[in-house]
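The exercises below are to be worked with the sequence and the 3D structure at hand. Each task is followed by a solution in steps.

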Amino acid sequence: MRLFGRKKILHCTSCGKILKHKYKPPDDSDTDGFLCADCHIDKTKEQVLKKQEEKKRLQEEKNKCSICAKELEEKDKNKPKWQWEMGTGSVLCEECYENKRIEFEKKLNFCSICQKKLSFFRYNPKPKWKIGGQLCRTCWDNRNQAK
Ligand SMILES: [Zn+2]
Ligand SMILES: [Zn+2]
Ligand SMILES: [Zn+2]
C-alpha cells in the first residue's frame, strides 16, 4: 500500500529520505524543514561540536593579550584600567600594560594637538572635534575659532 492521499509526504531536508518520524533540526542550525533520525543525530552532534569549538576559542581568547596576542598565564594577566576603553574581558601582558599606561598618561598630560605638556589648566575638546585626550588653552582656542 502506498501512502498517497491526504497525508503530505515529508522528506528529510538533509538526505531526502521519506520521513516516518520527523525531527526538528537543532535550534541554531540553518536547516529548514525536518530531518530523519539519522540526520538529526548528525546535525545535533555537529551543533555540539561547533559549540565546543566556539567555547574553546573564547577560552583561548581570554588567555591572550588583547594587544599583542601573546599567550598568558593566569599570573601574567593584567586588567586594563576602564579609562583606557579597551572593552570588558580584555587582558594585557606586562609589556602592553606598561605601554598602554604610558600612552594614556601621555594623553592625559600632553596637549593632543601641539604635544606641549599641560599645566594644571587643561581643556576638554568638544565631542564634535573627535579629538582624544585634552588640549592646551591655545589649541583649544584655535580649534574653537576654526569653523
Ligand atoms: Zn536524513
Ligand atoms: Zn601584550
Ligand atoms: Zn596645544
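Which residues does W84 touch, not counting residues up to four places away in sequence? The model is predicted: local features need pLDDT of at least 70, side-chain atom pairs count only at pLDDT 80 or more, and totals for chains, interfaces and linings use all residues. Residues are numbered from 1 along each chain as its sequence is written, chains are lettered from A and ligands numbered from 1 in the order in which they are written, and side-chain values use heavy atoms, with hydrogens and water left out.

**Exercise 1. Contacts of W84 and the nonpolar cores**

Task: list the contacts of W84, then place W84 in a core.

Step 1. With residues up to four places away in sequence set aside, W84 touches L92, Y97, K100, R101 and F104. Contact means heavy atoms within 4.5 Å.

Step 2. W84 belongs to the largest nonpolar core, which has 8 residues: C65, L72, W84, V91, L92, C93, C96 and Y97. A nonpolar core is a set of buried Ala, Val, Leu, Ile, Met, Phe, Trp, Tyr and Cys residues joined through side-chain atoms within 4.5 Å. Buried means under 20% relative accessible area, exposed over 50%, and partly exposed in between (1.4 Å probe, protein chains only).

Step 3. A second, separate core has 7 residues, including C111, W129, L135 and C139. In soluble globular proteins, nonpolar side chains tend to be buried together.

**Exercise 2. The zinc ion (ligand 3)**

Task: identify the donors of the zinc ion (ligand 3) and state why the arrangement is tetrahedral.

Step 1. The SG atoms of C111, C114, C136 and C139 coordinate the zinc ion (ligand 3) at 2.2 to 2.3 Å. Donors are N, O and S atoms within 2.8 Å of the metal (3.2 Å for Na, K and Ca); water is not among the atoms, so sites may look incomplete.

Step 2. The arrangement is tetrahedral because the 4 donor atoms subtend angles of 102 to 118°. Four donors count as tetrahedral if all angles lie between 85 and 135 degrees. The ideal angle for four tetrahedral donors is 109.5 degrees.

Step 3. Along the sequence, the donor residues are spaced C-x2-C-x21-C-x2-C. Of these, C114 and C136 both lie in the loop between α2 (94–109) and α3 (137–145), 22 residues apart. Helices (H or I, at least four residues) are DSSP runs, numbered from the N terminus.

Step 4. C114 is partly exposed at 37% relative accessible area, whereas C136 is buried at 5%.

**Exercise 3. The zinc ion (ligand 1)**

Task: repeat the analysis for the zinc ion (ligand 1) and find which parts of the chain C12 and C39 tie together.

Step 1. The donors are the SG atoms of C12, C15, C36 and C39, at 2.2 to 2.4 Å. Their spacing along the chain is C-x2-C-x20-C-x2-C.

Step 2. C12 lies in the segment before α1 (37–62) and C39 in helix α1, so this pair ties together parts that are 27 residues apart in sequence. C12 and C39 are both buried.

Step 3. Angles of 104 to 116° between the 4 donor atoms make the arrangement around the zinc ion (ligand 1) tetrahedral.

**Exercise 4. Salt bridges**

Task: state how many salt bridges a search of the whole structure finds, then describe K17 with D38 and R57 with E54.

Step 1. The search finds 8 salt bridges. A salt bridge is a side-chain nitrogen of Lys or Arg within 4 Å of a carboxyl oxygen of Asp or Glu.

Step 2. K17 and D38 meet at 3.6 Å, N to O. K17 is in the segment before α1 and D38 in helix α1, 21 residues apart. K17 is partly exposed at 42% relative accessibility, and D38 is partly exposed at 48%.

Step 3. R57 and E54 form a salt bridge at 3.3 Å, N to O. Both lie in helix α1, 3 residues apart, about one turn of the helix.

**Exercise 5. L118**

Task: is L118 buried or exposed, and which residues does L118 contact?

Step 1. L118 is found in the loop between α2 and α3. Its relative accessible area is 7%, so L118 is buried.

Step 2. Beyond neighbours within four places in sequence, L118 is in contact with L108, N109, F110, C111, Q134, L135 and C136.

Step 3. L118 and L135 are 17 residues apart in sequence and 7.6 Å apart in space, C-alpha to C-alpha.

Note on methods: Tetrahedral: all angles 85-135°; square planar, octahedral: opposite > 155°, others 65-115°. Helix = DSSP H or I, 4+ residues; strand = E, 2+ residues; numbered from the N terminus.
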